[in-house]
Amino acid sequence: MSINQVDFYELCLDEGEPFYNEIYGLEKEGFNQWVRDNLIEINTIESYNDVIPNNEMFNEITESGYEHIHYQCHYSAKASTILDYNFKYYTGFVVRNSFHYPIITHSFNTLNENIIDFARIEDAEDPFNEENDSLPHTYYGIEIPREFVLNYEQETIEEKSMKPLLYEWFLHNN
């Protein structure tokens, strides 16, 4: 699948509320072109171990006030960026080796050019099965600067907001 052929507008609308319902009023082709112009390929991973934060990193961010919620990618990536200025926040997409959902919306961080994905920390009650989880995954993202993410600090930290900020960043830049 070529990332340049994806209809990002429709993909986001399919994801729907509370994540992307605001984009409904945007002009489709303009939004799609903006995403294509700003989206960068970050890396392809073969295992979740490639992106899971190590224990030291996880403990440090937790001591800073992070409350981990399994599978909450948009919240986790924003919260870690807010709590630690070393993390860069990306919202975008993951292309997977899957017929049913080959591309999904996703938010994640980078630290020293490496992907850090708090949403891939395994939940003991609902563990990942990498053999059946469509790996490899290619991460694509639009970097949203920490200064902008800080505008959403209260709703992110206090309400555990899952709003990815793609719509807000689009409006800020257009």
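How far is the sulfur of cysteine 73 from the closest cysteine sulfur? In this predicted model, the distance is 12 Å, and the partner is cysteine 12. That is too far for a bond. A disulfide requires two cysteine sulfur atoms within 2.5 Å, and a search of the whole structure finds zero disulfides. Both residues are buried: cysteine 12 has a relative accessible area of 0%, and cysteine 73 has one of 8%.

Let me turn to the interior. In soluble globular proteins, nonpolar side chains tend to be buried together. Here, the largest nonpolar core has 42 residues. Those with the most contacts inside this core are Ile3, Phe8, Phe31, Val35, Leu39, Phe93 and Ile103. Apart from the largest core lies another, of ten residues, including Tyr48, Val51, Ile115 and Tyr139. I would also draw your attention to isoleucine 3. If we set aside its neighbours within four places in sequence, isoleucine 3 is in contact with Phe8, Leu39, Val95, Ile103 and Tyr140.

Helix 7, residues 166-173, also has buried residues, namely Leu166, Tyr167, Glu168, Trp169 and Phe170. Among the elements that cover them are helix 1, helix 2, strand 2, strand 5 and helix 5.

Next, consider the second largest pocket, with a volume of about 170 Å³. Which element supplies the largest share of its lining? The answer is helix 1, with four residues. Helix 1 (8-15) and strand 3 (103-111) each contribute at least two residues to this lining. The full lining consists of Asp7, Glu10, Leu11, Asp14, Glu15, Tyr101, Ile103, Ile104 and Thr105. By character, these residues divide into four nonpolar, one polar and four charged.

Finally, I come to the backbone. Most residues other than glycine have a negative phi, and most peptide bonds are trans. Three places in this model deserve a look in that light. The peptide bond from leucine 135 to proline 136 is cis, with omega near 5°, and proline 136 sits in the loop between strand 4 and strand 5. Tyrosine 71, in the loop between helix 3 and helix 4, has a positive phi near 65°. With 30% relative accessibility, tyrosine 71 counts as partly exposed. Asparagine 112 also has a positive phi, of about 55°, and its place is in the loop between strand 3 and strand 4. Asparagine 112 is exposed, at a relative accessible area of 65%.

Thank you for your attention.

Methods:
Residues are numbered from 1 along each chain as its sequence is written. This is a predicted model: local features need pLDDT of at least 70, side-chain atom pairs count only at pLDDT 80 or more; totals for chains, interfaces and linings use all residues. Side-chain values use heavy atoms; hydrogens and water are left out. On a 1 Å grid over the protein atoms alone, a cavity is a set of points where a 1.4 Å probe fits but cannot get out, and a pocket is an open set with protein on both sides within 12 Å along at least five of seven lines; lining residues have an atom within 4 Å of a point. Grid points are joined across faces, edges and corners, and a volume is the space filled by probe spheres set on the points. Ala, Val, Leu, Ile, Met, Phe, Trp, Tyr, Cys and Pro count as nonpolar, Asp, Glu, Lys and Arg as charged, and the others, Gly among them, as polar. Buried means under 20% relative accessible area, exposed over 50%, partly exposed in between (1.4 Å probe, protein chains only). A nonpolar core is a set of buried Ala, Val, Leu, Ile, Met, Phe, Trp, Tyr and Cys residues joined through side-chain atoms within 4.5 Å. Contact means heavy atoms within 4.5 Å.
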